[in-house]
Amino acid sequence: MSRNGQRPVFEVPAARSKQGVLKAFAEALDFPAYFGHNLDALHDSLHDFADGLSEPSTLVWHIDPWFKNSQAYRSVLMILRELESEKLRVEARDVKRLTGKGSVE
């Protein structure tokens, strides 16, 4: 636990496309430069991220409603569910919608 007794929280911002989501995960979780920007690479990098945690943490993925209708959404969600453990709690949160500049309304 962190000094204040709370689990550290890692936030992944919403994106509308598969490539945007992959980029959001890579940037938010500081994936290595060689990250392949595909679902297999996401799977491997998320497992490396979870294995490297020094304390129980929470991963919050913010989901754009447009992305939620894609096959890639289901694939990412499956990867995240597989990742859940005592060490890493995963939360998927819907956002209302994104404005053109990527901010949430």
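A nonpolar core is a set of buried Ala, Val, Leu, Ile, Met, Phe, Trp, Tyr and Cys residues joined through side-chain atoms within 4.5 Å. In this predicted model, the largest nonpolar core has 30 residues. Those with the most contacts inside this core are Phe25, Phe31, Leu42, Leu46, Trp61 and Leu80. At least two residues of the core come from each of α1, α2, β2, α3 and β3, the last of these spanning residues 88-94. The greatest contribution is that of α3, which gives seven residues. In soluble globular proteins, nonpolar side chains tend to be buried together.

Charged side chains were examined next. Side chains of opposite charge can pair when their charged atoms come close. A search of the whole structure yields four salt bridges. One of the salt bridges joins arginine 16 to aspartate 64, with 3.7 Å between the closest N and O atoms. This pair links distant parts of the chain, its members being 48 residues apart. Arginine 16 lies in the loop between β1 (9-12) and α1 (18-28), whereas aspartate 64 lies in the loop between β2 (57-63) and α3 (71-83). The two partners also fall into separate accessibility classes. Aspartate 64 has a relative accessible area of 1% and is therefore buried, the limit for that class being under 20%. Arginine 16, at 36% relative accessibility, counts as partly exposed.

A salt bridge is also formed between the side chains of lysine 23 and glutamate 27, at an N to O distance of 3.9 Å. Both residues belong to helix α1, and because they are four residues apart there, about one helical turn separates them. Glutamate 27 is exposed, since its relative accessible area is 56% and the exposed class begins over 50%. Lysine 23 has a relative accessible area of 45% and is thus partly exposed.

In a further pair, the side chains of glutamate 91 and arginine 93 meet in a salt bridge of 2.6 Å, N to O. Each partner is partly exposed: the relative accessible area is 37% for arginine 93 and 23% for glutamate 91.

Charge of one sign is also found grouped at the surface. A negative surface patch is made up of Asp40, Asp44, Asp48 and Asp51. One of these residues, aspartate 44, is located in helix α2, which covers residues 39-51. With a relative accessibility of 45%, aspartate 44 is classed as partly exposed.

Backbone geometry was considered last. Aspartate 30 is not a glycine, yet has a positive phi of about 55 degrees. This aspartate is placed in the loop between α1 and α2. Its relative accessibility of 66% puts aspartate 30 in the exposed class, for which the cut-off is over 50%. Histidine 37 likewise has a positive phi of about 55 degrees without being a glycine. The loop between α1 and α2 holds histidine 37. The relative accessible area of histidine 37 is 33%, so this residue is partly exposed.

How values were computed:
Residues numbered from 1 in each chain as written. Predicted model: local features only at pLDDT ≥ 70, side-chain atom pairs only at ≥ 80, totals over all residues. Heavy atoms only, no water. Patch = residues over 30% accessible without salt bridge, like charges linked within 9 Å, V, L, I, M, F, W, Y side chains within 5 Å. Areas by Shrake-Rupley, 256 points an atom, 1.4 Å probe, with all protein chains shown as cover. Lys, Arg positive; Asp, Glu negative; His and termini not counted. Charge placed at Lys NZ, Arg CZ, Asp CG, Glu CD. Buried < 20%, exposed > 50% of the residue type's maximum accessible area, 1.4 Å probe, protein only.
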